[in-house]
Amino acid sequence: MKLKNYLLLFALLLVVGVRAQVPSGNKYPKREFRGAWIQAVNGQFKGIPTGKLKQTLIDQLNSLQGAGINAIIFQVRPEADALYASQHEPWSRFLTGTQGQIPSPMWDPMQFMIEECRKRNMEFHAWINPYRVKTSLKNQLAPEHIYHQHPEWFVTYGDQLYFDPALPESRDYICKIVTDIVSRYDVDAIHMDDYFYPYPVKGMDFPDDASFARYGGGFTNKADWRRSNVNVLIKKLHETIRAVKPWVKFGISPFGIYRNQKSDPLGSDTNGLQNYDDLYADVLLWAREGWIDYNIPQIYWEIGHKAADYETLVKWWATHSENRPLFIGQSVSNTIQHADPKNPSINQLPRKMALQRAYQTIGGSCQWYASAVVENQGRYRDALVSEYHKYPTLIPVFDFMDNKAPGKVRKMKKVWTEDGYVLFWTAPKAETEMDKAVRYVVYRFSGKEKVNLDDPSHIVAITSNPFYRLPYETGKTKHRYVVTALDRLHNESKSVSKKVKL
């Protein structure tokens, strides 16, 4: 306990001077992915009364919105179960305390979070775990769990239970679950983290000899066969999502090391567990083949870590983005608990943000974990608000999915209402869902100021409403308001402007 208190005190001291270093890239980018993970497996939702939990989630989202977060990655399927009204899987014990127990009063956490994210113009990414069924063998499965119908699909490894990744039935079932989510919920993305084949248990091989004998034809190397099994799932999931809703993204947040140089000359100068060799996750292949739409490697170590140096890994991933959007998975607690090696009076956030923004191939970051930001550990949130997320940003464009911008807004006019002057406009016409305007960006410039839509300091609102309440000043100050439309994939329309005196 004393050590923990010391570390927290140390972290607080380190944050002094957090604004001392300025990012070497674009200081205030107009487009940047700014995500945060909200996990269920830590038990933070378990058994909490519905009203209290809803308010907790609202408070978290309000805090995250204030910190500039524009995407929420919310865990909805930790153990082949559901934090939503699934048509195929039982309610999660991480919500109610007992797997299969219906929430009382009934509510749907995923639908609730989607609606709340929409109110705040945040993306919602549904985070699922593909293979894991039990985080511990002592956990009880609900009577309706798929395990009881098809125990032959599953294997025990260590203290956990998994779908056998080799089985076509496993892949078909996982795709069925994703189809259910994407078809019934207005999600922006399906997201997976770093759990594919499980993390190795020392001295124990994954028990798939029988499956290899049955399905391993054509492979002399079991490791290559295991990677192929995961590859088939990833490709099939991507195709499944695209077929249901072509605007929904598929993203991965893999373990932070792809391969070490000692395993592959093209690997990173690191010495740790490897996606390719230990988890059988060939992340670069998935990006190269276009089977994933974004990649958020979990680079949770500090700058200067002996086995997995943060700076080394950021540079490596930036060089190996494989032409897919790349964001950096950041550990809040690790960042604030370590001093900048070149300036021991501050923590590592300034240098990490400088590195993130120094590479054109890196389009943002995601914070592990959301509560650490909300709790303002080490004044991390303060630094985001005052410096690194000072101005609003748009999500990066996924032009390989859709590069057609919506039409311009129409009929923009200033109207006096009982609430003061309001700028109204009409949505552009759209032929398809992909063309539809789903939100708007409102910019403000002083009367003689040159209009520069690349400068996010002029963004006064990103809103799903076709109106904006104008702040009244003296009635003599000239302003130019500019409005653009955004579609589901954040393509921005041409602008429409209006001069007003306020």
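## Cysteines, cores and a small sheet

The sulfur of Cys366 lies 12 Å from the closest cysteine sulfur, that of Cys117, which is too far for a bond. The model described here is predicted.

**Cysteines**

Seen from the other side, the closest cysteine sulfur to that of Cys117 is in Cys366, and at 12 Å the two are too far apart for a bond. A disulfide needs two cysteine sulfur atoms within 2.5 Å. The structure holds 0 disulfides. Cys117 counts as buried, and Cys366 is buried too.

| Cysteine | Closest cysteine sulfur | Sulfur distance | Relative accessible area |
|---|---|---|---|
| Cys117 | Cys366 | 12 Å | 0% |
| Cys366 | Cys117 | 12 Å | 0% |

**Nonpolar cores**

The largest nonpolar core is made up of 100 residues. Within this core, the residues with the most contacts are Ile72, Met110, Phe124, Ile181, Ile234 and Trp286. Helix H6, residues 168–184, supplies the largest share of the core, with 7 residues. A second core, separate from this one, has 20 residues, including Ile257, Tyr258, Ala308 and Ala318.

Met110 shows what surrounds one residue of the largest core. Which residues are in contact with Met110, leaving aside its neighbours within four places in sequence? They are Val76, Leu83, Tyr84, Phe124, Ala126, Ile181, Tyr185 and Val187. Two of these contacts, Phe124 and Ile181, are themselves listed with Met110 among the residues with the most contacts inside the core.

**Helix H11**

Helix H11 spans residues 310–319 and is mostly covered, with 7 of its 10 residues buried. The buried residues are Tyr310, Glu311, Leu313, Val314, Trp316, Trp317 and Ala318. Ala318 also belongs to the second core. Where does the cover over the buried residues of H11 come from? Among the elements that provide it are two helices, H10 (283–288) and H13 (349–358). Strands E9 (294–295), E10 (326–331) and E13 (362–368) are included as well. Cys366, which is buried, falls within the residue range of E13.

**A sheet of three strands**

An open sheet is formed by 3 strands in the order E4-E6-E5, with antiparallel pairing. Strand E4 (132–134) and strand E5 (154–157) are the edge strands, each pairing on one side only. From one strand to the next, the twist averages 35 degrees. Strands of a sheet pair through backbone hydrogen bonds. Between E4 and strand E6 (residues 160–163), the antiparallel pairing runs over 2 bridges. Lys134 has Leu161, in E6, as its bridge partner.

How values were computed: Residues are numbered from 1 along each chain as its sequence is written. This is a predicted model: local features need pLDDT of at least 70, side-chain atom pairs count only at pLDDT 80 or more; totals for chains, interfaces and linings use all residues. Side-chain values use heavy atoms; hydrogens and water are left out. Buried means under 20% relative accessible area, exposed over 50%, partly exposed in between (1.4 Å probe, protein chains only). A nonpolar core is a set of buried Ala, Val, Leu, Ile, Met, Phe, Trp, Tyr and Cys residues joined through side-chain atoms within 4.5 Å. Helices (H or I, at least four residues) and strands (E, at least two) are DSSP runs, numbered from the N terminus. Contact means heavy atoms within 4.5 Å. Two strands pair if DSSP finds at least two bridges between them. Axes are lines fitted to C-alpha atoms, for helices over the stretch in contact, and angles run from 0 to 180 degrees between N-to-C directions.
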